[in-house]
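Got the viewer open? Load the model, switch to a cartoon view, and keep your selection box handy. We'll hop from stop to stop.

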Amino acid sequence: MMGRHYRWSGLRSGLPTLQVRFAPPHKDTFTIDISYLKALYWDLGEMAPRLLVVLPVVLLGWAFQAILRPPPPKLCGSAGGPPVTSPRIKLRDGRYLAYREDGVQRDKAKYKIITVHAFDSTKDFPSPVSKELVDDLGIYLVAFDRAGYGESDPNPGRNVKSEALDIEELADKLDLGEKFYVLGVSMGGYSVWGCLQYIPHRLAGAALVVPVINYWWPSFPAEVSRQAFKKLIVPEQRTLRIAHNAPYLLYLWMTQKWFPSSAAAMHHPEIFSKHDVEVIQKMMAMPRIIENKSRQQGIYESIHRDLLVAFGNWEFDPMNITNPFPTNEGSVHIWQGYEDKLVLVELQRYISKKLPWIQYHEVPEGGHMFMLVDGWTDKIIKALLVGEEASGV
């Protein structure tokens, strides 16, 4: 290592300076003003108390961020991820969308319906439509896993519009023709609202069955929305408030163990009406059981993302949508159970008054799951396709 010589070189402004001179053959020298070192020393001394405060905050922020950040999803077909067992299409953004076909053959069908599944469900949930109706009317049905659910790739940018565009692209990849029908259930209702807003020209008709309602849609009078919101059980109120006002906290809230979070995600018994309980009992008695793969790629990109989209800020207000069928070449229907404890009838009625071109059907004793029994799915589909009004509504 080269040698160095140090010496004081005198006073400047009353303070000494330190001169550093390299040993021969090097002739370079440089001078350090001791006042700078002293100032640096005092600055560090003054900063020390601040560092004692700031450093824990920074460390806490890093730790908090680690807690808030959900783990990456386990993509179907990836190493360590679930297997791919369903047919899938590749979307224009590179994601894969899984689907399941039912009913008559696609190329022989008179009516083609894309069905949109509910919260914490998948395309594999059996459709209760009767074979007789399917054969009589010539109905082809295709269900798909919404982004992040089942075997469809997650979409970190998922929103109401992207859901509608996924439906349109699915229809195009399967050659469903210029127009097709959509039927969305519960949380799948926001996908149908997206279709009515963004691709109305592709629709032959639409049905929304107990469709999810965002309490923060601008057209709701504050008092109407507030009173309906208070009827939800408290854990659900907290969850929806966080999803809307503090979305970055939702993963932490949904995974903590101290307080009950989403009643819907936990299948809390208070969310089910008397009729819903009867429906569940009938379904449990059925021999066919389908494994629910809704969360197999991770809870964040499936059920958490659903809550964030449904109860976040939408780019449009559904109550400002114009009638896509001004000459009655098609129809839009809302079906609502009067006893529904998850989607409240008061707000559904308000929407139907704001949009009188929507045919509103209210089932007096129906809960959130009424369409699964007693032939209600047949009634809903017949009203959508051929305009037959269901009795008892």
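Start by selecting residues 300-310, which form helix α10. Helices here are DSSP runs of H or I with at least four residues, strands are runs of E with at least two, and both are numbered from the N terminus. α10 is mostly covered, with 11 of its 11 residues buried. Buried means under 20% relative accessible area, exposed means over 50%, and partly exposed is in between (1.4 Å probe, protein chains only). Show side chains and you'll find Tyr-300, Arg-305 and Leu-308 among the buried residues of α10.

What do the buried residues of α10 pack against? Colour α3 (160-173), α4 (189-198), α6 (234-245), α7 (250-255) and α8 (263-266), because contact means heavy atoms within 4.5 Å, and these are the helices that the buried residues of α10 pack against.

A quick note before you click on: this is a predicted model, in which local features need pLDDT of at least 70 and side-chain atom pairs count only at pLDDT 80 or more, while totals for chains, interfaces and linings use all residues. Residues are numbered from 1 along each chain as its sequence is written, and side-chain values use heavy atoms, with hydrogens and water left out.

**Next stop: α9**

Select residues 274-284 to get helix α9, where His-275, Asp-276 and Val-279 are buried. Look down the axis of α9: its buried residues fall within an arc of 100°, so they line one face of the helix. That arc is taken from the directions from the helix axis to the C-beta atoms. Now spin to the face of α9 turned away from its buried side, and you'll meet the exposed residues Lys-274, Gln-281 and Met-284.

**Into the strands**

Go to residues 111-116, strand β6. Here 6 of the 6 residues are buried, so β6 is largely enclosed by the rest of the structure. Both faces of β6 are covered: pick Tyr-111, Ile-113 and Thr-115 for one side, then Lys-112, Ile-114 and Val-116 for the other.

Which strands pair with β6? One is β7, which runs parallel to β6 and is joined to it by 6 bridges. Another is β8 (residues 180-185), paired with β6 in the parallel sense over 4 bridges. Two strands pair if DSSP finds at least two bridges between them. For specific partners, click Thr-115 and Ala-143 in β7, then Ile-114 and Val-182 in β8.

Now add helix α2 (residues 131-137) to the selection: β6, α2 and β7 make a right-handed β-α-β unit. Right-handed means that, with the strands pointing away from you, the path from the first strand over the helix to the second runs clockwise.

**The nonpolar core**

Keep Ile-114 selected and add Ile-139 and Trp-193. Of the 98 residues in the largest nonpolar core, these three touch the most other members. A nonpolar core is a set of buried Ala, Val, Leu, Ile, Met, Phe, Trp, Tyr and Cys residues joined through side-chain atoms within 4.5 Å. Zoom in on Ile-139: leaving out residues up to four places away in sequence, Ile-139 touches residues including Val-104, Tyr-111, Leu-133 and Leu-385.

**Some loops to click through**

Asp-153 sits in the loop between β7 (139-144) and α3. Is Asp-153 buried or exposed? Asp-153 counts as buried, at 11% relative accessibility. Beyond its neighbours within four places in sequence, Asp-153 is in contact with residues including Arg-88, Tyr-96 and Gln-297.

Jump to Asp-124, in the loop between β6 and α2. Leaving aside neighbours within four places in sequence, Asp-124 is in contact with Arg-100 and Ile-290. Draw a C-alpha to C-alpha distance from Asp-124 to Arg-100: they are 7.3 Å apart in space and 24 residues apart in sequence.

Then check backbone angles. Most residues other than glycine have a negative phi. Ser-186, in the loop between β8 and α4, has a positive phi near 55°. Asp-374, in the loop between β11 (359-363) and α12 (376-386), has a positive phi near 60°.

**Last stop: cysteines**

Select Cys-76, buried at 7% relative accessibility, and Cys-195, buried at 0%. How many disulfides does a search of the whole structure find? The search finds 0 disulfides, where a disulfide is a pair of cysteine sulfur atoms within 2.5 Å.
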